[in-house]
Amino acid sequence: MVSVALADPLTPAQLPARFSVLIPVYAADTAERIRRAVESNSVEQTRPPAEVLLVQDGPVPVSVTEELERLANESPIPVRLLRIPENGGLARALTVALPQCAYDVVARADADDVSYPRRFERQLPLIEDGADLVGASMHEIGDDETRPVALRTAPVGAARIAAVSRYRNPISHPTVVLRRSAALAVGGYEDVPMAEDYWLWARMLHAGADVRNVAEPLVGYRVSAGSYERRGGYRVLRAELTLQHRLRTLGHVGFLQWAVNVMVRGGYRFVPLRVRETAYRLMVGHRD
């Protein structure tokens with residue numbers, strides 16, 4: 001008789017990840033772009049998700065309501081709808097929705113962006129390798145998604161990500177795949193105006209989470225004429241000061257780095273628009 005050695009059974013962490021895609025939708029989104037976002041994150045993927053969870057954050061136009069219903073009824077990959085009656089902003093929508101995802105592995109996407117076909121094929125192996133959070137580089141796109149206008153490069157490697165996180169967000173939110181359990185272990189999304197993602201990544205890094213980036217651009221991030229204009233003004237300065245205070249209190253930045261951040265990132269909010277756009281693009285490793 002021939003003796004056959006049996007392989008050890010795979011643990012749940014070693015099994016191929018079944019995952020959810022979480023896409024918030026609000027009043028400014030359009031039916032056409034929502035449909036494009038869902039398709040690019042589901043049926044067009046070489047490694048598709050097990051479900052898409054669409055979160056309607058407050059009232060939306062009739063055309064969007066109809067599109068959400070059509071997607072839920074007709075998509076070959078299950079699409080579920082979660083409706084929040086009143087608009088409470090992105091942090092609240094994600095706080096409500098994240099526990100509602102059917103799987104611990106959750107990919108984030110925005111309702112006006114496009115994921116490239118091999119996005120999850122590139123990111124999921126890193127999650128299966130033990131990563132808690134995986135981002136990627138991304139293209140900036142306009143109305144024509146086939147003609148990227150610029151590239152935002154992501155820092156790669158644990159040391160580089162940790163260093164960058166001291167002075168700016170090292171992970172692009174629309175590119176993220178994460179373990180929900182790791183995010184919730186540090187409190188999940190919290191209402192830090194305009195920085196709910198950065199604040200979550202900082203807490204995960206501070207707690208010792210395995211955070212990685214893929215150098216390849218995997219998402220087309222839609223920018224508009226007002227994208228850089230919205231990064232300026234007193235409201236954004238207040239949000240920046242709130243974030244820096246929290247980073248300092250957490251111990252993620254020391255006093256000197258906090259002071260530099262307040263001066264540089266705070267002053268950036270009041271420079272002329274063209275200077276702000278150029279400065280931001282230089283800061284995020286931007287290339288045309």
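This passage describes the nonpolar cores, the packing of helices and the salt bridges of a predicted model.

The largest nonpolar core of the predicted structure has 27 residues, and those with the most contacts inside it are Val21, Ile23, Ile34 and Leu54. Two or more residues are given to this core by each of strand 1 (19-25), helix 1, strand 2, helix 2 (62-74), strand 4 (105-108), helix 4, strand 6 (133-141) and strand 9 (211-222). Among these elements, strand 1 gives the most, with four residues. The surroundings of Ile23 can be listed in detail: when residues up to four places away in sequence are not counted, Ile23 touches Ala37, Val38 and Asn41, then Val52, Leu53, Leu54 and Val55, and also Ala109, Asp110 and Ala111. A second core, separate from the one just described, has 24 residues and includes Ala93, Leu94, Ile161 and Ala183. In soluble globular proteins, nonpolar side chains tend to be buried together.

Helix 1 and helix 2, which both give residues to the largest core, also pack against each other, and their axes come within 9 Å and cross at roughly 25°. Because this angle is under 35 degrees, helix 1 counts as roughly parallel to helix 2. The crossing of the two helices is right-handed. On the side of helix 1 the contact is made by Ala31, Ile34, Arg35 and Val38, while helix 2 takes part through Ser63, Val64, Glu67, Leu68, Arg70 and Leu71. Ile34 of helix 1 thus appears both in this contact and among the residues with the most contacts inside the largest core.

Burial is also marked in helix 7, where ten of the eleven residues are buried, so that this helix is largely enclosed by the rest of the structure. The buried residues of helix 7 are Glu196, Asp197, Tyr198, Trp199, Leu200, Trp201, Ala202, Arg203, Met204 and Leu205, a list that holds charged residues such as Glu196 and Arg203 as well as nonpolar ones such as Leu200 and Met204. Just after helix 7, Gly208 takes a positive phi of about 95°.

Across the whole structure, a search finds 18 salt bridges. One of them joins Arg47 and Glu128, whose closest N and O atoms are 2.3 Å apart. Arg47 lies in the loop between helix 1 (31-40) and strand 2 (51-57), whereas Glu128 belongs to helix 4 (residues 119-128), so the pair ties together parts that are 81 residues apart in sequence. Glu128 itself is partly exposed, with a relative accessibility of 24%.

In another salt bridge the side chains of Glu51 and Arg80 meet at 2.8 Å, N to O. This pair links strand 2, which holds Glu51, with strand 3 (residues 79-84), which holds Arg80, and the two residues are 29 residues apart. The partners differ in burial class, since Glu51 counts as buried at 5% relative accessibility, whereas Arg80 is partly exposed with a relative accessible area of 34%.

A further salt bridge is formed by Glu190 and Arg246, whose side chains meet at 3.3 Å, N to O. Here the loop between helix 6 (180-185) and helix 7 (196-206), where Glu190 lies, is linked with helix 8 (residues 234-250), where Arg246 lies, across 56 residues. Glu190 counts as partly exposed at 27% relative accessibility, and Arg246 is likewise partly exposed, at 28%. Finally, salt bridges that share partners join Arg35, Glu67, Arg70 and Glu74 into one network, and of these residues Arg35, Glu67 and Arg70 also take part in the contact between helix 1 and helix 2.

Notes:
Residues are numbered from 1 along each chain as its sequence is written. This is a predicted model: local features need pLDDT of at least 70, side-chain atom pairs count only at pLDDT 80 or more; totals for chains, interfaces and linings use all residues. Side-chain values use heavy atoms; hydrogens and water are left out. A salt bridge is a side-chain nitrogen of Lys or Arg within 4 Å of a carboxyl oxygen of Asp or Glu. Buried means under 20% relative accessible area, exposed over 50%, partly exposed in between (1.4 Å probe, protein chains only). A nonpolar core is a set of buried Ala, Val, Leu, Ile, Met, Phe, Trp, Tyr and Cys residues joined through side-chain atoms within 4.5 Å. Contact means heavy atoms within 4.5 Å. Axes are lines fitted to C-alpha atoms, for helices over the stretch in contact, and angles run from 0 to 180 degrees between N-to-C directions. Angles under 35 degrees count as roughly parallel, over 145 as roughly antiparallel, 65 to 115 as roughly perpendicular and the rest as oblique. A crossing is left-handed if the near helix is turned anticlockwise from the far one by less than a right angle, and right-handed if clockwise.
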